[in-house]
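Ready for a few exercises? Have a go at each task before you read the solution under it.

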Amino acid sequence: MTEFEKIDIPDIIPVLPVRDMVMYPSVILPLFVGRDMSINAVEKALSKDRLILVAAQKDLTDEDPLPERIYSVGVVSQIMRMLRLPDGRVKVLIQGIKKARIEEYVQEIPTFLVRISTIEEPIITEITLEIEALMRYVKEEMEKVVSMGRMVPPDILMVLDTIDEPGRLADIAAANLGLAVDKAQEVLEIVDPIERLRKLSEILGKEIELLNMQAKILSQAKEEMSKSQREYFLREQMKAIRTELGEGDERSEEVDDLKKRIKKAKMPKEVEKEANKQLERLDMMHPDAVESSMVRTYIEWLVELPWSKSTKDNIDIKKARQILDEDHYDLDKVKERILEFLSVLKLKGEMKGPILCFVGPPGVGKTSLGKSIARAIGRKFARISLGGMKDEAEIRGHRRTYVGSMPGRIIQSIKQAGTNNPVFMMDEIDKIGNDFRGDPASALLEVLDPEQNNAFSDHYLNVPFDLSKVMFVTTANRMDTIPSALRDRMEVISIAGYTDKEKLQIAKRYLMPKQLKENGLNEKRLQIVDHAMEKIIQEYTREAGLRNLEREIAAIDRKVARKVAEGDRKKVIITTKNLPVFLGPSKYLPEGQAEKDLVGVVCGLAWTEFGGDILYIEALCRKGKKELMLTGSMGEVMKESVQAALSYIKSKAESLGIDKDIFNDLEMHVHVPQGAIPKDGPSAGITMAVAMISAITKKAVNRKIAMTGEITLTGRVLPIGGLKEKTLAAQRNRMETVIIPAENVHEMVEIPPYVKKQIKFLPVKTMDDVVRIVFGTK
């Protein structure tokens, strides 16, 4: 016996007429009660046992139904909860208990009271195969109805699966099908549970046929509707939905604006297709969705890139040459290359941008040269620094799947430049790193390849961008750290550094006017005479470039600016005599100015990433243990050069006037001063050999001779690199003679004529030639 079967149902009970629905046993429903007689019926039930007969009325429009307009069969229900609403209505939650028939109306005012008789259903003692099949059919048909889009509570199928009583299954299924009142009442009045289940199965069959027909008609209607009509219909629906949500106007304006910008950007067809595709996605998204902002940002990147914006090149060759000369002194090789590019562009009308690499020590004007090129040809200038870069995504960008993703530095700089043909400078290309995040140098292979960069693909954009019109200019201090594949893609132009004469001209033409302007002075307030400027260059700086020279000039300007600010209006003239007052004592003394020639001390020439420099080699020998001592932070290559030189000396001892027996107990010590600085390279080979020969023979070496060259065991002198840098170092240190390998003679064309006049160059093929020059022996 269930909980409800224990409830004692009275004979006389209030009636609650309901519209547009039929109540069933075991079903829980919320009802809104507004009519006075219905509210009175609810209050009557609540004042007693909370029981009320829920019966459907025949006419839905009847506000005050008469007894004959109410169905005679209803369901005795229990009021579980009641809530009074502000508008005067009452909300009740009721649960059906048992069917009952109205026998007589005993009261009609202020509410209906009726005498009822409960309807007893036959008890099903055994579930036969027929009944089980019928129940399973009903459940399956209910699943079909739900799958075809009928609005049914989502958990009703789970409830039906747990019911094993035919009558209860029929009641709950019928209550949730949303049947018309007359059909639902017909099912309710069937007393036999099996018959009721059969009736419901018939109704379900017809309902599924109707749903199939409805779907077919809808499908046919959609096929007949043209594309434009369908799009108009859907847009109007979306517009109405957004208006209801309060988000229609702003989103529509934003989408329309982006659509106009996409058209205005004049993208390639495949890019425009992708942009419109993403715009459609954005249009369908909720404005507050996380992905919405990501898609919006992506579209904005696409429309802001200069797909078709280019600057017109200045192809006036003379004017371009004039601009290059205004900004930089000398550097003829670089200027000639830019003018060649402009000449071809003038004749042909279109050409791929060159990829240049300026290699040279710091401070020689590599970066400023890039700006000057942009100004000369009338293009925008973009610059990034590659020094220390380790992540490949810095070049190619991050994929959009990552939070906070953005394009790489290449695309970012192109966007900032605003044109698709800027002069693009990449500084410090020799200082790129790599780690587990990728190799940026490998990513640059595509960027700096004229055959590939016309379709450069950034991971963020995921569409090709044409970089072939860009003029790429890279800078480096040295070439050996640049991967060979990357080096192969660039046209290398070496900028060795400046001679003292060139520095003097640059200081007068560029540095001095610049610093006067930056410090609020003019030529009426300060003048540095040429001899004083030469002294600054020679004794206060020691560099291939100009940075320290500019700092020293700036230091003088600041001190003069202070005097002027304090009220001293006299013009200051800097001479060699008063220069120490402003800059202090000389920082560097030329090492070539030793008082006398020394035994075992020889001047070599070295190349560093900061330019050329002189390098003194010292050798000392004495009787003792038969060993070779090497000090001064020498690298492995330099140590091998010393050993090769010693082997050569032993093999040539007789011709050098050396007793062979001396090597039996010879202790040789070779030292390179400034031991804290690591040194390496093969080009000091002949210098090492001369220093050891001098130490053994006790013959002094001319302090005005500098030399460079690699030595072999047989005494051949091999070519070296960085001849111009080393020559400039010799000139800075007032050397008179420079010994160079004969195979480097062809590089002499790059050395300024006035340097050739100051220094005597002696090419040598073998070590014998070197010994003959230095010691005067045959």
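**Exercise 1.** Is R19 buried, partly exposed or exposed, going by its relative accessible area?

*Solution.* Keep in mind that you're working with a predicted model. Start by finding the residue: R19 sits in the loop that links β1 (12–18) to β2 (28–33). Next, take its relative accessible area, which is 32%. Buried would need under 20% and exposed over 50%. R19 therefore counts as partly exposed.

Now look around it. Setting aside neighbours within four places in sequence, R19 is in contact with R35, Q57, L60, D62 and E63. For a sense of scale, try T631: from C-alpha to C-alpha it is 110 Å from R19 in space, and the two are 612 residues apart in sequence.

**Exercise 2.** Work out how α19 and α20 are oriented towards each other, then say which residues make the contact.

*Solution.* A quick reminder before the numbers: two packed helices are described by the angle between their axes and the distance between the axes.

Step one is to get those two values. Helix α19 (residues 530–540) and helix α20 (residues 547–565) have axes that come within 10 Å and cross at roughly 125 degrees. Step two is to name the arrangement: with that angle, α19 is oblique to α20. The crossing of α19 past α20 is right-handed.

Step three is the contact. On the α19 side you'll find M533, I536, I537 and Y540, and on the α20 side L549, E552, I553 and I556. Sort these by type and you get seven nonpolar, no polar and one charged.

One more look at α19: its buried residues are A532, M533, I536, I537, E539 and Y540. Among the elements that cover these buried residues are α18 (500–518), β14 (526–528), α20, β15 (572–574) and α21 (579–583).

**Exercise 3.** Do the job again for α11 and α12: find the angle, name the arrangement and sort the contact residues.

*Solution.* Helix α11 (residues 317–327) and helix α12 (residues 332–348) have axes that come within 10 Å, crossing at roughly 155 degrees. Angles over 145 degrees count as roughly antiparallel, so α11 and α12 are roughly antiparallel to each other. Their crossing is right-handed.

The contact takes I317, A320, R321, L324 and D325 from α11, and D332, K335, E336, I338, L339, L342 and S343 from α12. By type, these residues split into six nonpolar, one polar and five charged.

**Exercise 4.** Check the lengths of α22 and α10: what span should each helix have, and how far apart are its end C-alpha atoms?

*Solution.* Begin with α22 (residues 636–651). It has 16 residues, and at 1.5 Å a residue they should span 22 Å. The end C-alpha atoms of α22 are 23 Å apart, which agrees. Buried residues in α22 are M638, S641, V642, A644, A645, L646, Y648 and I649.

Then take α10 (residues 290–304). Its 15 residues should span 21 Å at 1.5 Å a residue, and its end C-alpha atoms lie 22 Å apart, so that agrees as well. In α10, the buried residues are S292, V295, R296, Y298, I299, W301, L302 and V303.

**Exercise 5.** Look at the backbone: what is the phi of E428 and of S633, and which peptide bond at P110 is cis?

*Solution.* Here's the background: most residues other than glycine have a negative phi, and most peptide bonds are trans.

- E428 has a phi near 55 degrees, a positive value in a residue other than glycine. You'll find E428 in the loop between β9 (423–427) and α16 (440–447). Its relative accessibility is 26%, so E428 counts as partly exposed.
- S633 also has a positive phi, near 55 degrees, and is a residue other than glycine. S633 is in the loop between β19 (627–631) and α22. At 34% relative accessibility, S633 is partly exposed.
- The peptide bond from I109 to P110 is cis, with omega near 0 degrees. P110 lies in the loop between β5 (90–107) and β6 (113–118).

**Exercise 6.** Is A691 buried or exposed, and which residues is A691 in contact with?

*Solution.* First place the residue: A691 belongs to helix α23 (residues 685–697). Its relative accessible area is 0%, so A691 is buried. Leaving aside neighbours within four places in sequence, A691 is in contact with G600, V602, I617 and A619. Finally, compare V745: 54 residues along the chain separate it from A691, and their C-alpha atoms are 24 Å apart.

Definitions and conventions
Residues are numbered from 1 along each chain as its sequence is written. This is a predicted model: local features need pLDDT of at least 70, side-chain atom pairs count only at pLDDT 80 or more; totals for chains, interfaces and linings use all residues. Side-chain values use heavy atoms; hydrogens and water are left out. Axes are lines fitted to C-alpha atoms, for helices over the stretch in contact, and angles run from 0 to 180 degrees between N-to-C directions. Helices (H or I, at least four residues) and strands (E, at least two) are DSSP runs, numbered from the N terminus. Angles under 35 degrees count as roughly parallel, over 145 as roughly antiparallel, 65 to 115 as roughly perpendicular and the rest as oblique. A crossing is left-handed if the near helix is turned anticlockwise from the far one by less than a right angle, and right-handed if clockwise. Contact means heavy atoms within 4.5 Å. Ala, Val, Leu, Ile, Met, Phe, Trp, Tyr, Cys and Pro count as nonpolar, Asp, Glu, Lys and Arg as charged, and the others, Gly among them, as polar. The expected span of a helix is 1.5 Å times one less than its number of residues. Buried means under 20% relative accessible area, exposed over 50%, partly exposed in between (1.4 Å probe, protein chains only).
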